[in-house]
Amino acid sequence: MRFLYFNRFKMKIVKTILFYLIYTLLSISLSILQIHLEIGSRPNSKFAGSLHDFIIISIGTVLGLITAILFFIINHFGLKRKIKELWKMIAIQIITLVIISLIIHK
């Protein structure tokens, strides 16, 4: 009986880690996209182009991680406890992530 409880516990931990990983990658991708849209197209110069890419990736990653941390705090203390339906919770989480990302970028 202990073995079954331990397996359920491990699966819950794995699901939580995957949840955080997916939403972190989504947050970073969304932030990189927003930085790319704000800065504009890539210049023709090789040096300026590589500097452009570096700025997009570095600033987008930092802002994405800040967005992810704020999202996890809001999700843990607010969304997870109030919403019980899975699909409704996922939709509200994605909308919340996009809104937090837009606020962080402004």
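In this predicted model, Gln93 sits in helix H3. Its relative accessible area is 2%, so Gln93 is buried. The side chain of Gln93 makes a polar contact of 2.9 Å with the side chain of Tyr23. Beyond residues up to four places away in sequence, Gln93 touches Phe19, Tyr23, Phe71, Asn75 and Leu79. Tyr23 therefore appears both as a contact of Gln93 and as its polar partner, while the buried class of Gln93 follows from a value under the 20% cut-off. Phe71, Asn75 and Leu79 fall within the span 46-82 of helix H2. Phe19 and Tyr23 fall within the span 2-39 of helix H1.

A second buried residue of helix H3 is His105. Helix H3 covers residues 86-105, and His105 belongs to it. The relative accessible area of His105 is 11%, which means that this residue is buried. The side chains of His105 and Ser31 are joined by a polar contact of 3.3 Å. With neighbours within four places in sequence left aside, His105 contacts Ser31, Gln34, Ile35, Glu38 and Leu63.

Leu63 is the partner of His105 that lies in helix H2. Leu63 has a relative accessible area of 19%. The limit for buried is under 20%, so Leu63 counts as buried. Outside its neighbours within four places in sequence, Leu63 contacts Ser31, Ile35, Ile104 and His105. Ser31 and Ile35 thus recur: they are in contact with Leu63, and His105 lists them as well. Leu63 and Ile28 are 35 residues apart along the chain, and their C-alpha atoms are separated by 7.4 Å.

Helix H1 also meets residues far along the sequence. Leu30 is placed in helix H1. Leu30 and Val98 are separated by 68 residues in sequence, yet their C-alpha atoms are 7.8 Å apart in space. Apart from neighbours within four places in sequence, Leu30 contacts Leu97, Val98 and Ser101.

These pairs fit the contact pattern of the whole chain. Among contacts between residues at least 6 apart in sequence, 71% join residues at least 24 apart. The secondary structure consists of three helices and zero strands. Along the sequence, the pattern reads α-α-α.

The overall dimensions were computed next. The radius of gyration of the protein chain is 18 Å, whereas a compact globule of 106 residues would have one near 13 Å. Along the principal axes, the C-alpha atoms fill a box of roughly 65 × 30 × 20 Å. Buried residues account for 26% of the 106 residues. The accessible surface comes to about 8,000 Å². Carbon and sulfur atoms supply 75% of that surface.

Part of the surface is a nonpolar patch. The patch covers about 590 Å² and is made by Ile39, Phe47, Leu51, Phe54, Ile55 and Ile59. Helix H2, residues 46-82, gives the largest share, with five residues. Ile59 is one of the patch residues, and its place is in helix H2. The relative accessibility of Ile59 is 39%, so Ile59 counts as partly exposed.

Charged pairs were examined last. Side chains of opposite charge can pair when their charged atoms come close. The structure holds two salt bridges. In one, Asp53 pairs with Arg42, and the closest N and O atoms are 2.9 Å apart. Asp53 lies in helix H2 and Arg42 in the loop between helices H1 and H2, so this bridge ties together parts that are 11 residues apart in sequence. Asp53 is partly exposed, at a relative accessible area of 30%. Arg42 is also partly exposed, at 45%.

The other salt bridge joins the side chains of Lys88 and Glu85, with an N to O distance of 3.9 Å. The cut-off for a salt bridge is within 4 Å, so the Lys88 and Glu85 pair qualifies. Lys88 has a relative accessible area of 44% and is therefore partly exposed.

Technical notes
Residues are numbered from 1 along each chain as its sequence is written. This is a predicted model: local features need pLDDT of at least 70, side-chain atom pairs count only at pLDDT 80 or more; totals for chains, interfaces and linings use all residues. Side-chain values use heavy atoms; hydrogens and water are left out. Patches are made of residues with over 30% relative accessible area and no salt bridge: like charges are joined within 9 Å, nonpolar side chains (Val, Leu, Ile, Met, Phe, Trp, Tyr) within 5 Å. Accessible areas come from the Shrake-Rupley method with a 1.4 Å probe; for residues, only the protein chains shown count as cover. Helices (H or I, at least four residues) and strands (E, at least two) are DSSP runs, numbered from the N terminus. Buried means under 20% relative accessible area, exposed over 50%, partly exposed in between (1.4 Å probe, protein chains only). The radius of gyration is taken over C-alpha atoms; the globule rule is 2.2 Å times the number of residues to the power 0.38. Contact means heavy atoms within 4.5 Å. A polar contact is a pair of N or O atoms within 3.5 Å; within protein, one must be able to donate a hydrogen and the other to accept it, and residues adjacent in sequence count only if both atoms are side-chain atoms.
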